[in-house]
Amino acid sequence: MNKNSLVILEKDKTISANNYQVRIYNEKNLIKTLPSNFIQDVILHIDNNIKPSFLKLCSKLKIPIHFINKNGRYYGSYFSGNSKNIFLRESQYKKRLDLNFVLNFSKAIVMGKRNSQLWVLKSIDKKANLPEVELNGSYSKNSILGIEGTIAQSYWLKFASIIKNKDFNFTHRTKNPPRDEINSLLSYGYVLLVSKTITNLLLVGLDPFMGFYHEINYRRPSLALDMMEEFRPIAVDKFCLLYTSDAADE
């Protein structure tokens with residue numbers, strides 16, 4: 001059975017449940033009923049009204065709820081089905097203290113992301129390229145971050161150059177807040193992607209907040225950000241390019 005995300009980014013809705021059916025209300029008017037067995041996770045604007053019946057259903061079925069704030073950023077998650085395998089999470093925490101593991105993990109992320117970015121560019125322009133990277137030697141964490149930054153700068157310049165639709169003004173990546181339609185699409189896509197990644201990490205018993213490449217911080221799902229890096233270009237950036245192309249054809 002295919003399960004999908006239930007996404008409600010409008011605010012001031014009421015979400016309840018009855019007999020394994022999720023019910024969405026606008027004020028007192030029922031606007032949608034969904035069977036819970038088709039829902040993998042829920043992504044909600046934080047200013048929605050969640051009834052206890054809905055929380056109880058999500059707890060019983062181990063459906064994570066991810067909250068997005070008014071600025072469209074990830075805020076936090078509710079999930080009552082944490083794995084009982086504490087040894088898995090203990091191993092994860094120990095790996096955080098293993099410098100060699102952290103550096104090798106970080107190198108793999110940067111290389112994987114570069115390969116995905118290059119695939120996206122070449123899918124539109126066969127002659128596109130990115131700076132060559134060789135990470136087989138000894139590198140500090142700051143050096144690896146610097147290399148990723150150099151690749152990103154080149155990537156977004158080329159990304160902008162292959163957007164031919166004059167209705168979309170994109171020159172560089174901006175966030176917090178995004179400054180144009182493409183940046184808004186990118187940020188929205190990344191929020192959905194990080195939420196899906198958190199869901200999968202929770203379901204296998206890992207702590208999505210204890211990452212290795214991204215620094216840990218309050219409310220930052222560092223491991224989810226780590227794991228989604230190489231999928232950003234394929235799952236989100238390519239969609240934005242296709243969207244601008246489709247819009248140009250209308």
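**Exercise 1. Find which residues of the largest nonpolar core touch the most other members, and which helices supply that core.**

Start from the criterion: a nonpolar core is a set of buried Ala, Val, Leu, Ile, Met, Phe, Trp, Tyr and Cys residues joined through side-chain atoms within 4.5 Å, where buried means under 20% relative accessible area, exposed over 50% and partly exposed in between, with a 1.4 Å probe and protein chains only. Applied to this predicted model, in which local features need pLDDT of at least 70, side-chain atom pairs count only at pLDDT 80 or more, and totals for chains, interfaces and linings use all residues, the search gives a largest core of 42 residues, in which W156, F159, F170 and L186 touch the most other members. Residues are numbered from 1 along each chain as its sequence is written, and side-chain values use heavy atoms, with hydrogens and water left out.

Next, assign the members to elements, taking helices (H or I, at least four residues) and strands (E, at least two) as DSSP runs numbered from the N terminus. At least two residues of this core come from each of α3, α4, α5 (181-204), α6 (222-228) and α7 (232-249). A second core, separate from this one, has 15 residues, including L6, I8, V22 and C58. As background, nonpolar side chains in soluble globular proteins tend to be buried together.

**Exercise 2. List the contacts that F159 and Y155 make beyond their sequence neighbours.**

Contact means heavy atoms within 4.5 Å, and neighbours within four places in sequence are left aside for both residues. For F159, the partners are L121, F170, I182, D237, C240 and L241.

For Y155, which lies in helix α4, the partners are Q117, V120, L121, L130, P233 and D237. The relative accessibility of Y155 is 0%, and therefore Y155 counts as buried. As a distance check, the C-alpha atoms of Y155 and L186 are separated by 14 Å, the two residues being 31 places apart along the chain.

**Exercise 3. Decide which residues of helix α1 are buried and which are exposed, and explain how the buried ones are arranged.**

First, take the helix itself, residues 52-61, in which F54, L57 and C58 are buried. Viewed down the axis of α1, these buried residues fall within an arc of 95 degrees, the arc being that of the directions from the helix axis to the C-beta atoms, and so they line one face of the helix. The general rule is that an α-helix has 3.6 residues a turn, so residues three or four places apart point the same way.

Then turn to the other side of α1, where P52, K56 and K60 are exposed. Finally, identify the packing partners of the buried residues, which are β2 (13-18), β3 (21-26), β5 (39-45), β6 (49-50) and β7 (65-68).

**Exercise 4. Locate the backbone geometries at K62, E27 and P177.**

The reference point is that most residues other than glycine have a negative phi, and most peptide bonds are trans. K62, although not a glycine, has a positive phi of about 55 degrees; K62 sits in the loop between α1 and β7 and, with a relative accessible area of 46%, is partly exposed.

E27, in the loop between β3 and β4 (29-35), has a positive phi near 60 degrees, and at 66% relative accessibility E27 counts as exposed. The peptide bond from N176 to P177 is cis, with omega near 0 degrees, and P177 is found in the loop between α4 and α5.

**Exercise 5. Describe the largest pocket by its volume and its lining.**

On a 1 Å grid over the protein atoms alone, a pocket is an open set of points with protein on both sides within 12 Å along at least five of seven lines, and lining residues have an atom within 4 Å of a point. Grid points are joined across faces, edges and corners, and a volume is the space filled by probe spheres set on the points.

By this procedure the largest pocket holds about 1,300 Å³ of space and is lined by 42 residues, of which R73, K175, N176, L225 and R232 lie nearest its centre. At least two lining residues each come from β8 (74-78), α3, α4, α5, α6 and α7.

Technical notes
On a 1 Å grid over the protein atoms alone, a cavity is a set of points where a 1.4 Å probe fits but cannot get out, and a pocket is an open set with protein on both sides within 12 Å along at least five of seven lines; lining residues have an atom within 4 Å of a point.
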